[in-house]
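Colleague: Hello! Could you walk me through the places in this protein where something is bound or where there is room left over?

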Amino acid sequence: MEMLLSLQSFIFISLLSLYLYLYFFTSYKRPAVGFKNYPVVGSLPGYLRNRHRFLDWSTETLKHCPTGTAIFYRPGKIHGVITANPANVEHILKTNFENYPKGQRFVTLLEDFLGRGIFNSDGELWKVQRKTASYEFNTKSLRNFVMDSVRFETLSRLVPILTKASRTGLALDLQDILERYAFDNICKVAFNFDPGCLGGDGTAGSEFMRAFEDAATLSSGRFRYAFRRMWSVKKFFDIGSERKLKNSIAIVHEFANNIIRSRMEEKTENMEDDLLSRFIGNGKNSTEFLRDIVISFILAGRDTTSSALSWFFWLLASHPKVEQNILKELESIRARNGRSVGATYSFEELRDMHYLHAALSETLRLYPPVPVDSKACRNDDVLPDGTFVGKDWFVTYHAYAMGRMESIWGENCNEYLPERWLEDGIYRSENVFRFPVFHAGPRMCLGKDMAYIQMKSIAASVIERFAVDVQHKDTCPEKVLSLTLRIKDGLHVRVRERCPGAVD
Ligand code: HEM
């Protein structure tokens with residue numbers, strides 16, 4: 001009898017252990033790994049159900065994949081691969097760079113707008129532009145030009161607008177203001193033209209800015225058609241969004257052509273420090289070539305910094321301790337150099353803002369302006385994590401998901417914690433393949449330093465003068481994914497002056 005009982009207990013305990021093992025350590029009850037592949041329709045149903053929250057849906061999916069890589073299926077065949085694995089990112093962006101160009105599809109979809117500018121070309125055409133541009137981006141004179149332009153836009157436009165709003169109690173869309181700021185600034189740097197979209201009279205530039213925005217949004221919309229060639233049918237019949245795109249592009253191109261032509265007619269000694277003047281150089285390049293370059297730069301520098309700063313001000317609103325630390329850092333830099341609020345910061349002073357640099361990088365980690373970036377695979381390949389990639393598949397690295405991976409950032413990966421970037425108070429940069437927010441390898445962002453100068457100048461000037469009260473600060477705003485990651489419906493704020501007596 002006793003033996004029977006102990007046999008029963010043994011069987012019971014064994015079954016219980018098996019059940020617990022299956023429950024906790026196997027895929028039982030867990031979501032399927034990777035994007036679900038349905039017969040005939042591939043991963044499309046999941047994509048269509050989650051299109052409005054694509055970034056979070058794909059992040060959840062990648063988190064459950066053993067190597068952070070998932071295959072995406074088109075009806076009937078494999079479409080491509082999405083990865084959040086740093087070793088794969090290094091392979092795609094650097095080690096096997098030649099095998100992962102932008103590719104024909106990307107280039108074709110953006111060609112009407114961007115031509116073959118640096119942002120939209122591969123091979124030799126890209127190399128030539130990259131060589132000249134990287135040389136120019138490293139010159140001190142360009143840096144000074146950027147500093148002057150940022151100083152003017154901040155003191156003459158941004159601060160007065162916020163001061164007025166604080167005195168009248170007016171609510172503002174801070175994202176819109178930051179986008180206008182960035183557009184003015186990048187036009188100045190690209191071809192020394194001030195569109196005056198933020199607080200200027202704006203007549204010359206407003207139409208250009210609107211047309212540019214439409215052209216960028218409608219061109220990126222071509223990537224999202226469920227039927228891939230639908231846009232070319234609409235283009236052929238000149239209807240709907242394609243008709244609007246054609247008109248917007250015509251405005252942008254005419255505007256840029258006029259500036260370029262008149263600049264080319266000027267004598268060389270009148271040349272300015274802007275990028276166009278530098279590219280005109282020996283006078284051998286055609287108007288069209290120069291136009292494509294300038295438009296690529298405006299596109300690259302336009303919405304990226306404004307996107308980062310919009311998310312930064314939203315995060316800051318619910319992290320008062322971070323705001324205090326930034327204020328303390330600014331105070332100590334001012335005290336050290338005997339300057340009062342209102343005097344602008346020099347390049348060296350901006351460089352010394354380690355905590356602010358960390359707070360901005362931490363924002364970029366959680367809300368990268370370019371959250372996903374795709375390449376085309378030229379020849380069959382195997383990624384370092386063992387994933388096979390076929391010729392003509394797309395390969396996407398997911399910077400947004402990477403910022404949320406425990407394997408990269410640890411258990412507190414979802415927290416906003418600028419301190420993770422600091423060692424003894426000094427900013428410590430992260431490996432670019434774990435933090436590919438500015439891309440990496442030969443095609444790494446050329447405007448990174450310029451972006452930090454601009455972001456730090458704006459953040460410092462605003463924070464030390466104004467308290468920014470964000471409406472609904474405790475709810476994460478809805479995201480919109482066009483070419484960059486924006487806040488849907490803008491960032492609505494009221495501002496209060498901190499020190500009305502500051503020198504302006
Ligand atoms: C926070 C701000 C910024 C972020 C996060 C950012 C990020 C990026 C990323 C991810 C790419 C690669 C895109 C691709 O695959 O083609 C890129 C390329 C580029 N960026 Fe930025 N960018 C920023 C600001 C700027 C600014 C202010 C400029 C100034 C003009 C700029 C100029 C460029 C250029 C020219 C390229 C193309 C490089 C090439 O293809 O060789 N970026 N950037």
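**Around the ligand**

Modeller: Happy to. In this predicted model, 24 residues surround the ligand, and the closest are Lys102, Trp126, Arg130, Asp373 and Cys445.

Colleague: What makes Cys445 a donor of the iron atom of the ligand?

Modeller: The cut-off for a donor here is an N, O or S atom within 2.8 Å of the metal. The SG atom of Cys445 is at 2.3 Å from the iron, so it counts as a donor. Cys445 is the only protein donor of that iron atom. You will find Cys445 in the loop between strand E9 (426-427) and H19.

Colleague: How do you know that Arg130 makes a polar contact with the ligand?

Modeller: A polar contact needs a pair of N or O atoms within 3.5 Å. A polar side-chain atom of Arg130 lies 2.8 Å from an oxygen atom of the ligand, so the pair meets that limit. Asp373 passes too, because one of its polar side-chain atoms lies 2.6 Å from a ligand oxygen. For Lys375, an N or O atom in the side chain is 3.1 Å from an oxygen atom of the ligand, so this pair also qualifies. As for the elements behind the shell, those that give two or more residues are helix H6 (123-137), helix H13 (287-317), strand E4 (372-376) and helix H19 (448-465).

Colleague: Which of them gives the most to the shell around the ligand?

Modeller: That is H13, with four residues. By class, the shell divides into 15 nonpolar, four polar and five charged residues.

**Enclosed spaces**

Colleague: Why is a space called a cavity and not a pocket?

Modeller: In a cavity, a 1.4 Å probe fits but cannot get out, whereas a pocket is open. Three cavities of 30 Å³ or more turn up in a search of the whole structure. The largest cavity holds about 80 Å³ of space.

Colleague: What lines the largest cavity?

Modeller: Its lining consists of Met147, Val150, Arg151, Thr154, Thr344, Tyr345, Leu350, Ser457 and Ser461. Helix H7 (140-168) and H19 each supply at least two of the lining residues, and H7 gives the most, with four.

Colleague: What makes four residues of that lining count as nonpolar?

Modeller: Met, Val, Tyr and Leu are on the nonpolar list, so Met147, Val150, Tyr345 and Leu350 fall in that class. The rest of the lining of the largest cavity is four polar residues and one charged.

Colleague: And how much space lies in the second largest cavity?

Modeller: About 50 Å³. The second largest cavity is lined by Ser149, Phe152, Glu153, Arg157, Asp184, Asn185, Lys188 and Asp194. Five of these residues are charged, two are polar and one is nonpolar. Glu153 and Arg157 are among the charged ones, because Glu and Arg belong to that class. Both H7 and helix H8 (174-191) give at least two residues to this lining, with the largest share, four residues, coming from H7.

**An open space**

Colleague: Which residues are closest to the centre of the second largest pocket?

Modeller: This pocket has a volume of about 620 Å³. Of its 23 lining residues, Phe347, Lys448, Asp449, Met450 and Ile453 are the closest to the centre. H6, H7, helix H15 (347-351), helix H16 (354-366) and H19 each give two or more residues to the lining. H19 has the largest share, with six. The classes in this lining are 11 nonpolar, six polar and six charged.

Methods:
Residues are numbered from 1 along each chain as its sequence is written. This is a predicted model: local features need pLDDT of at least 70, side-chain atom pairs count only at pLDDT 80 or more; totals for chains, interfaces and linings use all residues. Side-chain values use heavy atoms; hydrogens and water are left out. A residue is near a molecule or strand if one of its heavy atoms lies within 4 Å of it. A polar contact is a pair of N or O atoms within 3.5 Å; within protein, one must be able to donate a hydrogen and the other to accept it, and residues adjacent in sequence count only if both atoms are side-chain atoms. Donors are N, O and S atoms within 2.8 Å of the metal (3.2 Å for Na, K and Ca); water is not among the atoms, so sites may look incomplete. On a 1 Å grid over the protein atoms alone, a cavity is a set of points where a 1.4 Å probe fits but cannot get out, and a pocket is an open set with protein on both sides within 12 Å along at least five of seven lines; lining residues have an atom within 4 Å of a point. Grid points are joined across faces, edges and corners, and a volume is the space filled by probe spheres set on the points.
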